[in-house]
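Hi,

Here is the structure I promised to pass on. Have a look at it first, and my notes follow underneath.

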Number of protein chains: 2
Amino acid sequence: MSYLGVGVSPGNVPVYHGTDLKAVDRKVKLVELMLRFVICVLALVSVLLVATDSQVQEIFTIRKKAKFTNMKALVFLVVVNAMAAAYSMVQLLRCGLSVVTGSVLLSKPLAWLILSGDQLITYMMLAALGAALQSAIFAKYSEPELQWMKVCDMYGKFCTQSGEGIASSAVAWLMMVVVTGMSSFSLFRLYGGNK
Amino acid sequence: MSYLGVGVSPGNVPVYHGTDLKAVDRKVKLVELMLRFVICVLALVSVLLVATDSQVQEIFTIRKKAKFTNMKALVFLVVVNAMAAAYSMVQLLRCGLSVVTGSVLLSKPLAWLILSGDQLITYMMLAALGAALQSAIFAKYSEPELQWMKVCDMYGKFCTQSGEGIASSAVAWLMMVVVTGMSSFSLFRLYGGNK
């Protein structure tokens, strides 16, 4: 990653005044823009997949319906992914604006705000993923010792669809990790010596 | 936090040659040392609490034993916390050495290694916490729709002790978030302009 070499060159050349540095910065911004866009889409896909997930089963004469609201972990996942999508949308606007105007992030408070937001969303997504995956494992493999039912044996389609939602959210999370790293870099290099 | 002002002063004064900067750096190192020590202890406490957790119940004539291995999420939590404790021990040594010798972290590969390790442990702890908390919620409140048993009604002492283990791990995680932030700062300021 040549970007990581920004400003490391010896001497006291003011950073961000060379045209090549601006070009590199622009490329990085475009990557961030793309990542945030994909995160937004994946988070939305996850919300839609999980929130519309339901299946009706008839066992003898009893009709039973599985909905995502039966599993609190899935509700949490939907809420967190909706937040991630909305957050990414806002960041997309900010990032798009700065690409269009060609401005460079030099404000520390703003950089702190962005990093904090990214980190918060990343951690929340992971917590929701951990909980949802745990629920999914219980539902699929059960815990025989605890007398918990294998829900997926009964609601196969329901389980598959929520599994797809979880996978979509997991990919979005991985991208959030990368974006958080980029925000972290953008902030802390401001503390490196000269502005 | 005056530390955040390191190297922001205008002009081209080489960072890390002023004695006051070294003093600040030393203080930050001591904070890191303390945090890593507490993390190590809390992670160990969590491992011990969860791994020694078991309860025998007699229902009519049937003896049933609850162990932490019945819940895969608790096994995951124990493994991750053991890793966190071991990792913190290694970092404690490194951090302690650098406080004693008064050396400053300027090697980028090492700083990358430290940040990656911290971030990995932080994310793993959160994933384990999410899964363990979800299991705990199932065990305590059950999901009536899914016909899952309220395990905690039967194994009260077992649930309390593993809850304490989860809480201990949660506090350790919060501290890891702070430590990861510090490592992130230590790394990325190296990219800020002058070495």
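Below is what turned up, going from the overall layout to single residues.

One thing to keep in mind throughout: this is a predicted model.

**Overall layout**

Chain A has five helices and two strands. Along the sequence they come in the order α-β-β-α-α-α-α, with the two strands following the opening helix. Of the 195 residues in chain A, 50% are buried. The exposed area of chain A is about 9,400 Å², and carbon and sulfur atoms account for 72% of that. As for how the chain folds back on itself, take the contacts in chain A between residues at least 6 apart in sequence: 79% of them join residues at least 24 apart.

**The annotated spans**

The UniProt entry, which is unreviewed, puts the label "transmembrane region" on residues 33–52, 73–90, 120–139 and 170–191 of chain A. I have backbone values for two of these spans. Residues 33–52 of chain A are 95% helix and 0% strand, and the C-alpha atoms at the ends of that span are 29 Å apart. Residues 120–139 of chain A come out as 100% helix and 0% strand, with 28 Å between the end C-alpha atoms.

**Salt bridges**

This is the part I'd open in the viewer. How many salt bridges does a search of the whole structure find over all chains? The count is six. As general background, side chains of opposite charge can pair when their charged atoms come close.

Start with Arg94(A) and Glu32(A), whose side chains form a salt bridge with an N to O distance of 3.1 Å. The two residues are 62 apart in sequence and tie together distant parts of the chain: Arg94(A) sits in helix H2 (residues 72–101) of chain A, and Glu32(A) in helix H1 (residues 19–51) of chain A. Are these two buried or exposed? Arg94(A) has 22% relative accessibility, so it counts as partly exposed. Glu32(A) has 10%, so it counts as buried.

Next is Arg36(A), which makes a salt bridge with Asp118(A); their closest N and O atoms are 3.0 Å apart. This pair also links distant parts of the chain, with Arg36(A) in helix H1 and Asp118(A) in helix H3 (residues 108–141) of chain A, 82 residues apart. Arg36(A) counts as buried because its relative accessibility is 0%. Asp118(A) is buried too, with a relative accessible area of 0%.

These pairs belong together: Glu32(A), Arg36(A), Arg94(A) and Asp118(A) are linked in a network of salt bridges.

Chain B has a matching entry in the list. Arg36(B) and Asp118(B) meet through their side chains in a salt bridge, 3.0 Å from N to O. Here Arg36(B) is in helix H1 (residues 19–51) of chain B and Asp118(B) in helix H3 (residues 108–141) of chain B, 82 residues apart. Arg36(B) has 0% relative accessibility and so counts as buried, and Asp118(B) is buried with a relative accessible area of 0%.

**A nonpolar patch**

Back in chain A, which residues make the nonpolar surface patch of about 300 Å²? They are Phe37(A), Val38(A), Val41(A) and Val45(A). Phe37(A) lies in helix H1 of chain A, and its 48% relative accessibility is why it counts as partly exposed.

**Two residues worth clicking on**

Gln55(B) is in strand S1 (residues 54–59) of chain B. With 14% relative accessibility, Gln55(B) counts as buried. Its side chain has a polar atom 3.2 Å from the backbone nitrogen of Lys157(B), and the side chain of Gln55(B) also reaches the backbone nitrogen of Phe158(B) at 2.8 Å. Setting aside neighbours within four places in sequence, the contacts of Gln55(B) include Lys64(B), Lys65(B), Ala66(B), Tyr155(B) and Gly156(B).

Leu115(A) is in helix H3 of chain A, and is buried with a relative accessible area of 8%. Apart from neighbours within four places in sequence, Leu115(A) is in contact with Thr180(A), Ser183(A), Ser184(A), Leu187(A) and Phe188(A). For a sense of scale, the C-alpha atoms of Leu115(A) and Ala51(A) are separated by 29 Å, and these two residues are 64 apart along the chain.

Cheers

Notes
Residues numbered from 1 in each chain as written. Chains lettered and ligands numbered in written order. Predicted model: local features only at pLDDT ≥ 70, side-chain atom pairs only at ≥ 80, totals over all residues. Heavy atoms only, no water. UniProt positions renumbered as here; feature names shortened; annotations may be inferred. Helix = DSSP H or I, 4+ residues; strand = E, 2+ residues; numbered from the N terminus. Buried < 20%, exposed > 50% of the residue type's maximum accessible area, 1.4 Å probe, protein only. Contact = heavy atoms within 4.5 Å. Areas by Shrake-Rupley, 256 points an atom, 1.4 Å probe, with all protein chains shown as cover. Salt bridge = Lys/Arg side-chain N within 4 Å of Asp/Glu carboxyl O. Patch = residues over 30% accessible without salt bridge, like charges linked within 9 Å, V, L, I, M, F, W, Y side chains within 5 Å. Polar contact = N/O pair within 3.5 Å; in protein donor to acceptor, adjacent residues only side chain to side chain.
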